[in-house]
Amino acid sequence: LPTSRIIDGKAFAEGLRRRVAEAAADFLSRSGRAPGLAVVLAGEDPASSVYVRNKAQQTVEAGMASFEHRLPAETGEAELLALVARLNADDAVDGILVQLPLPAHIDAQKVIEAIDPAKDVDGFHPENAGRLMTGLPALVPCTPLGCLMLIKSVQPALAGLEAVVVGRSNIVGKPMAQLLLSESCTVTVAHSKTRDLPAVCRRADILVAAVGRPQMVRGDWVKPGAIVIDVGINRIPAPERGEGKTRLVGDVAYDEAAQRAGAITPVPGGVGPMTIACLLRNTLAAAVARTGVVVDV
Ligand code: NDP
């Protein structure tokens, strides 16, 4: 049976981080300071804690300044908004990322809207969402930006292709659809109310799964030769590895889909590593846009 090309997101992300690090060094020599990223974590969520640590570590490795703010879970909304206001006013900070989810007593939307759109490296502020939609320069959410880079690494010209995005969240599905539309794809956005999802997926030359359901997209949902991008990160029991062990799988049944796809991202090692690399890229882009310092990327 034919098997597809595996899109190595880990290697691509390493290359991107290297290019960003070179540009960050250039920025430092021209402006006298490194680009700076502030990451705010409220509460003790273990997964969030790991993400924040990885983000800080990779920021430093890219030659940027990392400002970590870890707040207790009981931090009030007003206190968090005051911190965001301080970071907005701090010239050493080019990017602000507030790690989600926030504790339930804090209105996440209010916090997102408090971030200066010029420093909104997650691209979640409505101003950046609107700019993306209207084709203006914008800070674009990191995960879909990374997905687009991976797609273009195997297929640089996307005009006219059928793209299906499964999932319509503000952080992945919707901006992914918008980016593919900007590339002149014919875009379908599917979700939990979509009728006959397998048939919709089978139309796709580019199929992006961002659902959060382990291995939901089956092999026979994939058009032969399609590019399959699996955003899902799901932890499932793996008794074959020993009692109580788990493993990560995507939203796509990888082994089946790889028999039909032209190219496919694995989980782990596909989209995941691109997210932080794109965060660093957005921080550099924000630093350049805020200061007018020109660097070669
Ligand atoms: P959300 O839960 O916010 O959105 C999930 C979307 O999937 C919704 O639009 C929902 O539809 C849709 N959906 C749910 N069930 C079905 C179904 N049975 N059929 C069709 N559509 C369905 O998730 P996110 O967008 O935040 O994340 C999606 C996945 O990507 C998760 O596994 C997450 O862990 C992963 N992720 C990975 C990242 C990375 O760095 N690689 C970054 C961010 C997320 P509806 O709107 O109708 O409810």
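Student: What does "buried" mean for a residue here?
Tutor: The model is predicted. Burial is judged by counting other C-beta atoms within 10 Å of a residue's own. With 12 or fewer, the residue is exposed. To be buried, the count must be 20 or more.

Student: How many residues of helix 7 are buried?
Tutor: Helix 7 spans residues 173–182 and is mostly covered. Its buried residues include Gly 173, Lys 174 and Pro 175. Met 176, Ala 177, Gln 178, Leu 179 and Leu 180 are buried as well. The count is 8 of 10.

Student: What covers the buried residues of helix 7?
Tutor: The cover includes both helices and strands. Among the helices are helix 5 (126–134) and helix 6 (142–154). The strands include strand 5 (162–166), strand 6 (186–190) and strand 7 (206–209).

Student: Is Ser 184, just after helix 7, buried or exposed?
Tutor: Ser 184 lies in the loop between helix 7 and strand 6. Its phi is positive, about 65 degrees, although it is not a glycine. Ser 184 has 12 other C-beta atoms within 10 Å, so it is exposed.

Student: And Gln 215: buried or exposed?
Tutor: Gln 215 sits in the loop between strand 7 and strand 8. Its phi is also positive, near 55 degrees. Gln 215 has 20 other C-beta atoms within 10 Å, so it is buried.

Student: Which strands are at the edges of the sheet of 6 strands?
Tutor: This open sheet has the order 1-11-8-7-5-6, with parallel pairing. An edge strand here has a single partner strand, so one side is left without a neighbour in the sheet. The edges are strand 1 (5–6) and strand 6.

Student: Which residue in strand 7 stands opposite Val 166?
Tutor: Strand 5 and strand 7 pair in the parallel sense. They do so over 4 bridges. Opposite Val 166 stands Ala 209.

Student: What angle does helix 6 make with strand 8?
Tutor: Helix 6 packs on this sheet. It touches strand 1, strand 7, strand 8 (227–230) and strand 11 (263–264). Its direction and that of strand 8 make about 155 degrees.

Student: Which strands are at the edges of the sheet of 3 strands?
Tutor: This open sheet has the order 3-2-4, and its pairing is parallel. Each edge strand pairs on one side only. They are strand 3 (65–71) and strand 4 (95–98).

Student: What is the bridge partner of Ala 38 in strand 3?
Tutor: Strand 2 covers residues 36–42 and runs parallel to strand 3. The two are joined by 7 bridges. In strand 3, the partner of Ala 38 is Phe 67.

Student: What angle does helix 3 make with strand 2?
Tutor: Helix 3 (residues 77–89) packs on the sheet. It touches strand 2, strand 3 and strand 4. The angle between its direction and that of strand 2 is about 180 degrees.

Student: Where are the cis peptide bonds before Pro 101 and Pro 268?
Tutor: Pro 101 is in the loop between strand 4 and helix 4 (108–114). Its cis bond is to Leu 100, with omega about 0 degrees. Pro 268 is in the loop between strand 11 and helix 10 (272–291). There the cis bond, with omega about -5 degrees, joins Val 267 and Pro 268.

Student: Which residues come nearest the ligand?
Tutor: There are 25 residues around the ligand. They divide into 10 nonpolar, 12 polar and 3 charged. Nearest come Ser 169, His 191, Ser 192, Gly 212 and Thr 275.

Conventions: Residues are numbered from 1 along each chain as its sequence is written. This is a predicted model: local features need pLDDT of at least 70, side-chain atom pairs count only at pLDDT 80 or more; totals for chains, interfaces and linings use all residues. A residue is near a molecule or strand if its C-beta atom, placed from the backbone, lies within 6 Å of it. Ala, Val, Leu, Ile, Met, Phe, Trp, Tyr, Cys and Pro count as nonpolar, Asp, Glu, Lys and Arg as charged, and the others, Gly among them, as polar. Two residues are in contact if their C-beta atoms, placed from the backbone, lie within 7 Å. Two strands pair if DSSP finds at least two bridges between them. Axes are lines fitted to C-alpha atoms, for helices over the stretch in contact, and angles run from 0 to 180 degrees between N-to-C directions.
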